[in-house]
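Subject: Structure handover and notes

Dear colleague,

I am passing on the structure we spoke about, with the sequence alongside. Please open it before reading my notes, since they are easier to follow with the model in view.

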Amino acid sequence: MNVYNQYPTNVLIAEDDDEDYLIFSLAIEELSFKVVLSRAENGDILFKLLDENNPDIVFLDLLMPCKDGRQCLREIRANRKYDSIPIIVYSSLADLQNIEFCYREGSNMYAIKPHTLTELKTILEKIFSIDWKKVLYFPPRSMFVLNPQ
């Protein structure tokens, strides 16, 4: 996905904090490309919106009610129909233990919530400049089955 094309990028953010969501949405509005932003206030709503909105990219907070981001990450990556969706963990947690966990469980990137709108815009521009369709590749399960014959 290259966001600099003519079609809007469909973004789904799982974020329960209203202030963090407001800052994120303000940064999205100030970017120079088209983004359609949807929000899931908790992990349960996230799974409903994953199917309804068919997002191009998911931003996932770790600290949420109902299902937290860790549970959501595991469930998303356990379902093959979501393999082509990049997941960016977007969290205030900056410890190595959480970062390693998220990468081990299938996160494509870990973005620590910045302190300013300008910093967030810079982070988002970098994330959206990646052609995710080229860098995401999940081989079919049959590639992992070894045939002894």
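Below is what was found in it, going from the overall layout to the sheet, one helix pair and one annotated residue.

Please keep in mind throughout that this is a predicted model. The chain holds six helices and five strands, and, read from the N terminus, its elements follow the order β-α-β-α-β-α-β-α-β-α-α. Of its 149 residues, 42% count as buried, and among the contacts in the chain with a separation of 6 or more, 68% are between residues 24 or more positions apart.

The five strands form an open sheet in the order β2-β1-β3-β4-β5, with parallel pairing. Strands β2 (35-40) and β5 (109-112) lie at the edges, and because each has a single partner strand, one side of each is left without a neighbour in the sheet. From one strand to the next, the twist averages 20 degrees. At the β5 edge, strand β4 (residues 87-91) runs parallel to β5 and is joined to it by four bridges; V89, for instance, has Y110 in β5 as its bridge partner.

Turning to the helices, α1 (residues 18-29) packs against α5 (residues 117-129) at an angle of about 60 degrees, the two axes being 9 Å apart. The crossing of α1 past α5 is right-handed. On the α1 side the contact is made by I23, F24, L26, A27 and I28, and on the α5 side by L117, L120, K121, L124 and F128. Sorted by character, the residues of this contact comprise nine nonpolar and one charged, with no polar residue.

The residue you may wish to look at most carefully is D61, which the UniProt annotation "modified residue: 4-aspartylphosphate" covers, although the entry is unreviewed. D61 is placed in the loop between β3 (57-60) and α3 (69-78). Is D61 buried or exposed in the model? Its relative accessible area is 4%, and because the cut-off for buried is under 20%, D61 counts as buried. Which residues, then, is D61 in contact with, leaving aside its neighbours within four places in sequence? They are A14, E15, D16, G69, Y90, S91 and K113.

With best wishes

Terms used: Residues are numbered from 1 along each chain as its sequence is written. This is a predicted model: local features need pLDDT of at least 70, side-chain atom pairs count only at pLDDT 80 or more; totals for chains, interfaces and linings use all residues. Side-chain values use heavy atoms; hydrogens and water are left out. Axes are lines fitted to C-alpha atoms, for helices over the stretch in contact, and angles run from 0 to 180 degrees between N-to-C directions. Helices (H or I, at least four residues) and strands (E, at least two) are DSSP runs, numbered from the N terminus. A crossing is left-handed if the near helix is turned anticlockwise from the far one by less than a right angle, and right-handed if clockwise. Contact means heavy atoms within 4.5 Å. Ala, Val, Leu, Ile, Met, Phe, Trp, Tyr, Cys and Pro count as nonpolar, Asp, Glu, Lys and Arg as charged, and the others, Gly among them, as polar. Two strands pair if DSSP finds at least two bridges between them. UniProt positions are given in the numbering used here, feature names are shortened, and annotations may be inferred rather than shown by experiment. Buried means under 20% relative accessible area, exposed over 50%, partly exposed in between (1.4 Å probe, protein chains only).
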